[in-house]
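I set out to look up how helices pack against one another in this model. My notes are kept in the order in which I made them.

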Amino acid sequence: MFKIGPHLYTSKGYASMGKDALKISATTFQFFSRNPRGSKIKKLDEKDIKDLMNIARENKFGPLLAHAPYTLNPCSSTESVREFANLVLAEDLERLKYFKNTYYNLHPGSHTGLGKQTAIEIISQKLNLVLREEQDTIVLLETMAGKGTEVGSRFEEIGKIIEKVNLKEKVGVCLDTCHVHEAGYDIVNDLEGVLEEFDEFISLDKLYAIHLNDSKNEKGAHKDRHEVIGQGKIGLHAIEKIINHEKLKDLPFYLETPQDLEGHKKEIELLKKLRK
């Protein structure tokens, strides 16, 4: 099964997201673990979660992806910001035990002056604090575009973080097509070379998911501007190669394009036609 779906919002509840996914023929989806621009979190509703899990199981959904809030910065130069990240990570992972077959997507953060090497040490330390042997959820470090002092725009940076994590089986990577393009990787003309470099520094065994986005900007722009599938600088031909690549096609794909539900439905229809 082609596991593909958009980012959905929890305002109507978890089961409602599952129903919305079915309406647009999605076979998985991503959602925020809490308010993406703050720290507020909905009261845990076990029945609502159970209803979603039933929808996902009955319709053979791929893994659901919970996205950490954008406000998290585990490697900030400000200690209080790092402590906030600790609390949110621990709480989110505890709540996600009620969700089965679910990943947790995390931006590595911005070092805000500490330097990348120090940030890498801090991020791995934070993961070592919150990861538990008994957890089912896999934490995915997202590849970044390289804005400002972001960590994780180069594969070797993510590889170094994972190398320092004790419970390596609990961490993986989510590759964002817009981000790697804007970070300078040539996924349009040299997808094979990019995947070889990923395998060298991280290992393709650690690639669990893909954020499938086109980009408003040229390669190497470092701006992180997502575009509708086929309407950006990556283009439909390159995206077709990505979703059909032997080493990628069985992964779940999550759309973060600037679309409403009907727009995502059209994107999914288009991508399914391109799937070989």
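The entries below concern two helix pairs, one helix and one residue.

**Entry 1. Status of the model.** I note at the outset that this is a predicted model.

**Entry 2. H3 against H4.** Two packed helices are described by the angle between their axes and the distance between the axes. I therefore looked up both values for helix H3, residues 79–95, and helix H4, residues 116–130: the angle is about 40°, and the axes lie 10 Å apart. That angle makes H3 oblique to H4, since roughly parallel would require an angle under 35 degrees. I recorded the crossing of H3 and H4 as right-handed. On the H3 side, the contact is made by Arg 82, Glu 83, Asn 86, Leu 89, Ala 90 and Leu 93. H4 contributes Ile 122, Lys 126, Leu 129 and Val 130. Sorting the residues of this contact by class, I found six nonpolar, three charged and one polar.

**Entry 3. Asn 86.** I then turned to Asn 86, which lies in helix H3. Is Asn 86 buried or exposed? Its relative accessibility is 12%, so I entered Asn 86 as buried, the cut-off being under 20%. Leaving aside residues up to four places away in sequence, I listed Lys 126, Leu 129 and Val 130 as the residues that Asn 86 touches. Each of these three also appears among the H4 residues that make the contact with H3.

**Entry 4. H4 itself.** I checked the span of H4 next. The helix has 15 residues and reaches 21 Å from its first C-alpha to its last, close to the 21 Å expected at 1.5 Å a residue. Which residues of H4 are buried? I listed Ala 119, Ile 120, Ile 122, Ile 123, Ser 124, Lys 126, Leu 127 and Val 130. Ile 122, Lys 126 and Val 130 are on this buried list and also take part in the contact with H3. What covers the buried residues of H4 includes helices H3 and H5 (155–163), together with strands E4 (102–106), E5 (138–142) and E6 (171–176).

**Entry 5. H5 against H7.** Finally, I looked up H5 and helix H7, residues 191–201, which pack at an angle of about 25° with their axes 8 Å apart. H5 and H7 are therefore roughly parallel to each other. The crossing of H5 and H7 is right-handed. Its contact is made by Phe 155, Glu 156 and Gly 159 of H5 with Val 194, Glu 197, Phe 198 and Phe 201 of H7. By class, I recorded four nonpolar, two charged and one polar residue in the contact of H5 with H7.

Terms used. Residues numbered from 1 in each chain as written. Predicted model: local features only at pLDDT ≥ 70, side-chain atom pairs only at ≥ 80, totals over all residues. Heavy atoms only, no water. Axes fitted to C-alpha atoms, helices over the stretch in contact; angles between N-to-C directions. Helix = DSSP H or I, 4+ residues; strand = E, 2+ residues; numbered from the N terminus. Parallel < 35°, antiparallel > 145°, perpendicular 65-115°, else oblique. Left-handed = near helix turned anticlockwise from the far one by under 90°. Contact = heavy atoms within 4.5 Å. Nonpolar A, V, L, I, M, F, W, Y, C, P; charged D, E, K, R; others polar. Expected span 1.5 Å × (residues − 1). Buried < 20%, exposed > 50% of the residue type's maximum accessible area, 1.4 Å probe, protein only.
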